[in-house]
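Here are a few notes from a colleague to read alongside the picture. Keep the structure open and look up each residue as you go.

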Amino acid sequence: MDHSFWLDRWQKSDIGFHQPSAHDFLERHWPALGVPKGSEVLVPLCGKSKDMVWLADHGHAVIGTELAQSAIDQFFAERSRTPASVAEGAFTVKRAGPFALWCGDHLTLDPAVTRRIGGVFDRAALVAMPRTMQQSYAEKLSALTPSGVPVLLVSLDYDPSEMDGPPFPISPDRIETLFGHDFRITLLEKRDGLNASQNLKNRGLSSLQEMAWKLVRR
Ligand SMILES: C[S@@+](CC[C@H](N)C(=O)[O-])C[C@H]1O[C@@H](n2cnc3c(N)ncnc32)[C@H](O)[C@@H]1O
């Protein structure tokens with residue numbers, strides 16, 4: 001997926017992936033991860049997700065990464081916040097309150113930025129990456145996550161002959177291949193996700209599994 005694909009989608013407001021509220025896996029599984037209150041949390045490929053608001057409401061400072069400046073601007077405008085803006089290398093960082101949203105290519109983020117994080121939440125980030133980019137995404141997640149820190153990752157799996165991604169299907173074996181070397185992996189929940197995804201049903205899916213994973217950096 002090249003950058004123009006996503007910038008184009010934001011420009012056209014073609015953002016069917018955006019959810020009106022925080023993901024229920026986040027609400028259900030985050031508390032058991034034991035991420036210290038007050039710690040920073042990384043939200044890769046953050047869009048303008050309400051997950052970031054939920055994390056802030058639960059005492060975290062949020063570091064988001066996002067290609068589309070308009071997504072970041074909408075996020076702050078929708079909360080009536082006026083962020084301060086600074087250039088940090090190839091990124092533009094907008095900060096207001098508990099939010100620091102880094103506009104640029106997540107795959108180039110310097111691990112120094114996340115050296116104090118206490119957790120990571122990935123919803124629709126790994127699955128936004130085509131198969132050829134998933135290994136790079138996994139390596140970057142390893143580099144950005146300090147030892148002992150947990151990641152809550154939401155994945156989707158479906159028959160790839162039924163639909164072209166994004167979102168791309170990720171099997172449990174694929175999770176093991178991508179993350180097994182650097183993370184301890186626990187499957188927290190697996191459910192049928194089709195009923196909640198009318199959009200993906202309309203695109204041809206007859207079955208969809210949604211999974212919540214806990215990955216702890218070794
Ligand atoms: C499927 S959306 C998910 C957004 C958000 N996580 C959510 O749940 O609403 C993927 C997002 O990643 C952004 N994106 C794609 N590739 C990126 C990259 N290399 N670096 C930073 N952001 C990227 C896109 O602009 C898009 O907003």
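The points below deal with the cysteines and then with strand 1 and its partners.

1. Before anything else, remember that this is a predicted model. Local features are discussed only where pLDDT is at least 70.

2. How many disulfides does a search of the whole structure find? The answer is zero. Take C46: the nearest cysteine sulfur belongs to C103 and is 9.1 Å away. A disulfide needs the two sulfur atoms within 2.5 Å, so a pair at 9.1 Å does not count.

3. Are these two cysteines buried or exposed? C46 is buried, with a relative accessible area of 4%. C103 is buried as well, at 10%.

4. Now find strand 1, which covers residues 40-43. Both of its faces are covered. On one side sit E40 and L42, on the other V41 and V43, and all of them are buried.

5. Which strands pair with strand 1? One is strand 2 (residues 61-66), which runs parallel to strand 1 and is joined to it by four bridges. To see where they line up, look for V43, which stands opposite G64 in strand 2.

6. Strand 6 (residues 117-123) is another parallel partner of strand 1, this time with three bridges. Here V41 is a handy marker, as V41 stands opposite G119 in strand 6.

7. Last, trace the chain from strand 1 through helix 3 (residues 50-57) to strand 2. Together they make a β-α-β unit, and the unit is right-handed.

Conventions:
Residues numbered from 1 in each chain as written. Predicted model: local features only at pLDDT ≥ 70, side-chain atom pairs only at ≥ 80, totals over all residues. Heavy atoms only, no water. Buried < 20%, exposed > 50% of the residue type's maximum accessible area, 1.4 Å probe, protein only. Helix = DSSP H or I, 4+ residues; strand = E, 2+ residues; numbered from the N terminus. Pairing = 2+ DSSP bridges. Right-handed = clockwise from strand over helix to strand, strands pointing away.
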